[in-house]
Amino acid sequence: MLGIESLTTRYGAITAVRDVELTVRAGEIVCLIGPNGAGKTTLLSTISGLLKPSTGRVVLDGNDVTGWAPDQMLRSGLALVPEHRRIFADFTVRENLMVGGVTQTASRREQLFDEITSLFPILKERLYTQAGFLSGGEAQQLAIGRALMSDPNVLLMDEPSLGLAPVLVDQVFELIGKLREGGRTLFVVEQNAQRMLSVADRAYVMRSGSIVTAGPAAELRGNEELFKTYLGRSGGAA
Ligand code: ATP
C-alpha cells in the first residue's frame, strides 16, 4: 500500500533521511521509533509531501507519488496527523473537522462527520467549542479526527502521545486500538516505544537518518539490547 524506496532527504548539507526502505501493507499498524534527531519527522514530512526528497521514491497504491504536494497526497488517500497537532485554534471543533473533509463531496463529508463524532464522543460534546480551549488529549483526538475526515487509506501520525499526561496517553493508545479494529492502515512515529510496540504489528528503528532494525513489534518489544543500544531510557518509558 505504502512503499518507500531508497529515500534520502537533505536540509542543505545535512542528510536527515538516508536511503530508507520500508513498506506498510493494507490493514497494518507499523511504527517508526528512534531517538531524538533520528530523522523520523523528516521522513513523515517527505512521505506526506511537505518536503521533497533528494533521491528515492514514495509509492502509494502502486503509483509513484514522489514529490507530490500535501493536498495531492491527501486526495490520493494519505493523511498526516502532524507533531503538536496543529489544529486551528480559532475554529470550532466542527469547523476543524469540516476543513479535514475538504476533499470529500458534501454528502460524504456529512457521513464521515457522523462516523468520526461517534468514534470520538468527546468531540461530539464539544462541537461548538473553539479548538484552542480543548485539553491536550481532546486536541489530539481532534487532530486525528480531522485527518480521518479525508477518509485516508493510509494515516501517518507523528508523536501522537507527545506532551500528554499519562491518562491521556492511555486514551491515545486506546484510540489507536480502535482504529486498528476499524481496519485502518497506520504508520506511526512514537517516542513511547514500549507502548507503541504493544499495539503495532511491525516496527522500524531509525537512527542518524537510517533504518537500523526492523521486525515484528512483538519481537522488538522484548529486545532489551535494542532499547539499550538505540532507544535509551526514553524508549523504554511506560
Ligand atoms: P525528534 O524526535 O526530536 O522530533 P526526529 O527523529 O523527528 O527527532 P528530525 O526532526 O527529522 O528527527 O531531525 C533529523 C535531523 O535533521 C536532525 O539532525 C535535525 O537537527 C535536522 N533538522 C530537522 N529539521 C531541520 C531543518 N528545518 N533544517 C535543518 N536541519 C533540520
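In this predicted model, strand β7 and strand β8 (residues 185–189) run parallel and are joined by 5 bridges. One of the residue pairs across this contact is leucine 156 with phenylalanine 187, its bridge partner in β8. Between the two strands the chain passes through helix α7 (residues 166–181), and the resulting β-α-β crossover is right-handed.

**Strand β7 and its neighbours**

β7 also pairs with strand β6 (residues 78–81), again in the parallel sense, over 4 bridges. Here alanine 79 has leucine 155 of β7 as its bridge partner. β7 therefore has bridges to β6 and to β8, and its residues 155 and 156 appear in the pairs with alanine 79 and phenylalanine 187. β7 spans residues 154–158, and 5 of its 5 residues are buried. In a regular strand, side chains alternate between the two faces of the sheet. In β7 both faces are covered: Val154, Leu156 and Asp158 lie buried on one side, and Leu155 and Met157 lie buried on the other.

Threonine 185 belongs to strand β8. Is this residue buried or exposed? Threonine 185 has a relative accessible area of 4%, so it counts as buried. Its side chain makes a polar contact with the backbone nitrogen of glycine 27, at 2.7 Å.

**Strands β1, β2 and β4**

Strand β1 (residues 2–11) has antiparallel pairings with two strands, listed here with an example residue pair for each.

| Strand pair | Sense | Bridges | Example pair |
|---|---|---|---|
| β1 and β2 | antiparallel | 7 bridges | threonine 9 and valine 17 |
| β1 and β4 (residues 55–60) | antiparallel | 5 bridges | leucine 2 and leucine 60 |

β1 and β2 form a hairpin with 2 residues between the strands, and in this hairpin glycine 12 takes a positive phi near 55°.

Valine 20 is placed in strand β2. With a relative accessibility of 1%, valine 20 counts as buried. The C-alpha atom of valine 20 is separated by 37 Å from that of phenylalanine 91, and the two residues are 71 residues apart along the chain.

**Positive phi outside glycine**

Most residues other than glycine have a negative phi. Which aspartate in strand β2 departs from this pattern? Aspartate 19 has a positive phi of about 55°, although it is not a glycine, and this residue is found in β2. Its relative accessible area is 51%, and the threshold for exposed is over 50%, so aspartate 19 counts as exposed.

Aspartate 151 likewise is not a glycine and has a positive phi, of about 50°. Aspartate 151 sits in the loop between α6 (136–148) and β7. How is aspartate 151 classed by its accessibility? At 27% relative accessibility, aspartate 151 is partly exposed.

**The ligand site**

The shell around the ligand holds 13 residues, of which Gly37, Gly39, Lys40, Thr41 and Thr42 come nearest. By type, the shell residues divide into 5 nonpolar, 5 polar and 3 charged.

Oxygen atoms of the ligand take part in several polar contacts with the protein. A polar side-chain atom of threonine 42 lies 2.5 Å from a ligand oxygen atom. For threonine 41 the contact is through a polar backbone atom, at 2.8 Å from an oxygen atom of the ligand. For alanine 38 a backbone N or O atom lies 3.0 Å from a ligand oxygen atom. How much of the ligand does the protein bury? The ligand taken alone exposes 630 Å², and the protein buries 60% of that.

Which elements give two or more residues to the shell around the ligand? They are β2 (14–24) and α1 (40–47). α1 gives the most, with 3 residues. β2 is also the strand that pairs with β1 over 7 bridges, and it contains valine 20 and aspartate 19.

Terms used:
Residues are numbered from 1 along each chain as its sequence is written. This is a predicted model: local features need pLDDT of at least 70, side-chain atom pairs count only at pLDDT 80 or more; totals for chains, interfaces and linings use all residues. Side-chain values use heavy atoms; hydrogens and water are left out. A residue is near a molecule or strand if one of its heavy atoms lies within 4 Å of it. A polar contact is a pair of N or O atoms within 3.5 Å; within protein, one must be able to donate a hydrogen and the other to accept it, and residues adjacent in sequence count only if both atoms are side-chain atoms. Accessible areas come from the Shrake-Rupley method with a 1.4 Å probe; for residues, only the protein chains shown count as cover. Ala, Val, Leu, Ile, Met, Phe, Trp, Tyr, Cys and Pro count as nonpolar, Asp, Glu, Lys and Arg as charged, and the others, Gly among them, as polar. Buried means under 20% relative accessible area, exposed over 50%, partly exposed in between (1.4 Å probe, protein chains only). Two strands pair if DSSP finds at least two bridges between them. A crossover is right-handed if, with the strands pointing away from the viewer, the path from the first strand over the helix to the second runs clockwise.
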